[in-house]
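Here is a short report on the fold, the packing and the backbone of one protein. Keep the structure open while reading.

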Amino acid sequence: MTIANILLCLVVLTAIGATIFYTIKKKREAPTEETLNVDDKTYTLEKMQDFVKRRLDEITKVNLYDIGLSEEELKRRKNKKYELKKALKGCTYGDVNDKKYVKELIFDLLSKEYDVNESNISRAIPFDVPSLLTPQDKFDILIYMYKKDFGYEALTEIIKKYDLAVLKYIEGETKPSYVITAQEIEDIFEKENLQMNFTDKLSVVVQRIYQYYKGYSSIDEVRDMNIDGVSGGVSGLPESFLSQVAQTSDSDYLAQVSEHKVPRACDSIWIFFQGKSIRLAFLSFGTEAELKRVCQNIYKYNNPGQLSDTNGYKINEMKDGSRVVVVRPSFSETWAFFVRKFDVKRSTLEQWFKGEPGCEESIELLKYLVKGARIISITGEQGCGKTTMLMGMIENIYETMNIRVQETAFELHLRKIYPTRNILTFRETDTISGQEGLDVQKKTDGSVNIIGEVATDPVASWMIQAAQVASKFTLFTHHAKTFPNLVTALRNSMLRTGVFKNEKTAEEQVVQVLNFDIHLTKDFRGKRFVERITECIPIEEKNEYTFDHRDQKTLEGKFDKFFDNATRYFEKITDRQLFTYRNILEYVDGEYIVTNPITEANLKGMRENMDESDLDNFDRFVERHWKKSQSVETVSVSANVTETAPKRRGRKPKTEI
């Protein structure tokens, strides 16, 4: 054999070896999209979840160009792969459509590839043996079955049907609280006696797998319901506290903690339902790590930045418009989140008042205040319905007026309610301050300026600016408890931001801007109502100085008259009263009563801003309620005097605020 032949053989062998090596390596590195053979047919939730994770990972990472597909099939597979990637990302932001898509795919994987059937599905959740079902299992089944009939009103229907939102005593507690216990869920499950087919059972299993894979753990379905909000990590023992408990000498308490009889932070799940904070004692995240996972994922929509120990909180919105606030140690004692939902479909004044006595007159009055372009504050504690009331009032702003909104986080979502109106919302960002946002708003032909929440000093300053020069009128919300507190808070904010240096000057600016305050209240049972509507009445300064000293013949007499003027001066400087206030509507003994008349100054301003049809109706409203009171002088009324209101049905409205 010649040297040439030997070299040729070596080259051929090397090429063959390289080809084999490359092929083997390629097969190892590139995942295939063929059906995975399930060796371990253990039908537990953990095994199924591992399979789903692995299978979806393969589908999204497969190299389609190595499979040898036709051009049409390649395009179809690429679109499917892209759609799945998009859905897997979107479902973590609260998108119910993406969630539905992912769950349907998981359903197909389990039924077609993992061979889940009627005989083995009970190994995941014991549907056939109710006594073995946990409270969470029973709750998941109840929610699924009710959701088939009531959609996202399922949780509301369960709570109302079985009267769960009431104060009750539970074992180990001395005071009543709003709580839904595991025993109540078990009793409801037994009463319902639900009949489930295989599709129902598999759908419940799919939801359980999804919520621990891409969802929000135990609150995943609860968050989607039409409730006011949901929170977690806000009660129970924090992880940091457990180490301190270990050092205690109380053996009984130690045993209760170790057996999880004492609630931990990860056992804390609360819902906000019709003004009531209700603890779901039967649900739990299970571990601190699961609560942490939910907190780290729930705020990620639109990439708001990283939640870190340095930046220990994040305020953002979810894809469905819910507001979410997340906190973490060391800023807070434990990981916690707060999701606040706003049902835009129910944001009407009629829905807010819910047909209580006198509500028709109250709604009519609120509509006239808005149509009359009055500057209005909506005050009250957290959860009393300020944002919902604000949404309902905006409906009555004339269509010809352009609306500009300034918020910390997008909450009002007015364009969802009024898609044909000229509305644009701005919010603060890391690089654009609220003041800059307001400056931009002044150049956007806005007629009405709405500030979602006046919660900080700079925002209060923006509100005063907007009310003075930036728009025709302004609506805003605040947390003040009384009307004097509102004026004081706004005044102090103006002083702290350096807009004014003198208290009287700052207060004078506030009372000249503010027309009316609507104060909302939530009682201890969660009932929300309008406690009062208050009018702000600026007191005009009168020149009371005299020249009587000129008529005095003696020096002593001239000094007496001079000191009289000096006394008036110091009274004006030190104790001059800048405003008074009075209620024009009150909530008395379960009924809304129109009380004191609106001042002539505000009546004139309201009439100037109304169209002809509203003006006629408004004049009839004024005549009906305040015809006998309009002759009373209203501008110079003393702060200590509240005008007598007409008595209704033997009831006397409050005379002081």
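Helix α6 spans residues 154–161, and Ala 154, Leu 155, Thr 156, Ile 158 and Ile 159 in it are buried. Buried means under 20% relative accessible area, exposed over 50%, and partly exposed in between (1.4 Å probe, protein chains only). The cover over the buried residues of α6 includes helices α5 (135–150), α7 (182–192) and α9 (220–224), along with strands β2 (177–180) and β4 (269–273). Helices (H or I, at least four residues) and strands (E, at least two) are DSSP runs, numbered from the N terminus. Asp 163 follows α6 and has a positive phi, near 50 degrees.

This is a predicted model, in which local features need pLDDT of at least 70 and side-chain atom pairs count only at pLDDT 80 or more, while totals for chains, interfaces and linings use all residues. Residues are numbered from 1 along each chain as its sequence is written, and side-chain values use heavy atoms, with hydrogens and water left out.

**Overall fold and confidence**

The protein has 23 helices and 17 strands. Of its 657 residues, 48% count as buried. Contacts (heavy atoms within 4.5 Å) reach far along the sequence: among those with a separation of 6 or more, 67% join residues 24 or more positions apart. The exposed surface is about 34,000 Å², and carbon and sulfur atoms supply 50% of it. Areas come from the Shrake-Rupley method with a 1.4 Å probe; for residues, only the protein chains shown count as cover.

Mean pLDDT (the predictor's confidence in each residue, from 0 to 100) is 81, and 83% of the residues reach 70 or more. Residues 27–40 stay under 50, and the model gives them 24 contacts beyond four places in sequence. Residues 629–657 are also below 50, with 54 contacts beyond near neighbours in sequence.

**Nonpolar cores**

Which residues touch the most other members of the largest nonpolar core? They are Met 389, Ile 450 and Val 530, in a core of 80 residues. A nonpolar core is a set of buried Ala, Val, Leu, Ile, Met, Phe, Trp, Tyr and Cys residues joined through side-chain atoms within 4.5 Å. Leaving out residues up to four places away in sequence, Ile 450 touches Leu 390, Ile 394, Ile 403, Arg 404, Val 405, Gln 406, Leu 412, Leu 414 and Leu 475. Another core lies apart from this one; its 76 residues include Ala 87, Leu 109, Ala 124 and Ile 180. In soluble globular proteins, nonpolar side chains tend to be buried together.

**A nonpolar patch outside**

Leu 555, Phe 559, Phe 562 and Phe 563 make a nonpolar surface patch of about 460 Å². Patch residues have over 30% relative accessible area and no salt bridge; like charges are joined within 9 Å, nonpolar side chains (Val, Leu, Ile, Met, Phe, Trp, Tyr) within 5 Å. A salt bridge is a side-chain nitrogen of Lys or Arg within 4 Å of a carboxyl oxygen of Asp or Glu. Phe 563 sits in helix α21 (residues 555–575). Its relative accessible area is 48%, so Phe 563 is partly exposed.

**Backbone details in loops**

Two residues other than glycine with positive phi are listed here.

| Residue | Phi | Loop | Relative accessible area |
|---|---|---|---|
| Ser 217 | near 60 degrees | between α8 (198–213) and α9 | 0%, buried |
| Ala 373 | near 60 degrees | between α14 (359–371) and β9 (376–379) | 5%, buried |

A cis peptide bond joins Pro 329 and Ser 330, with omega about 5 degrees. Ser 330 is in the loop between β7 (323–327) and β8 (336–340).
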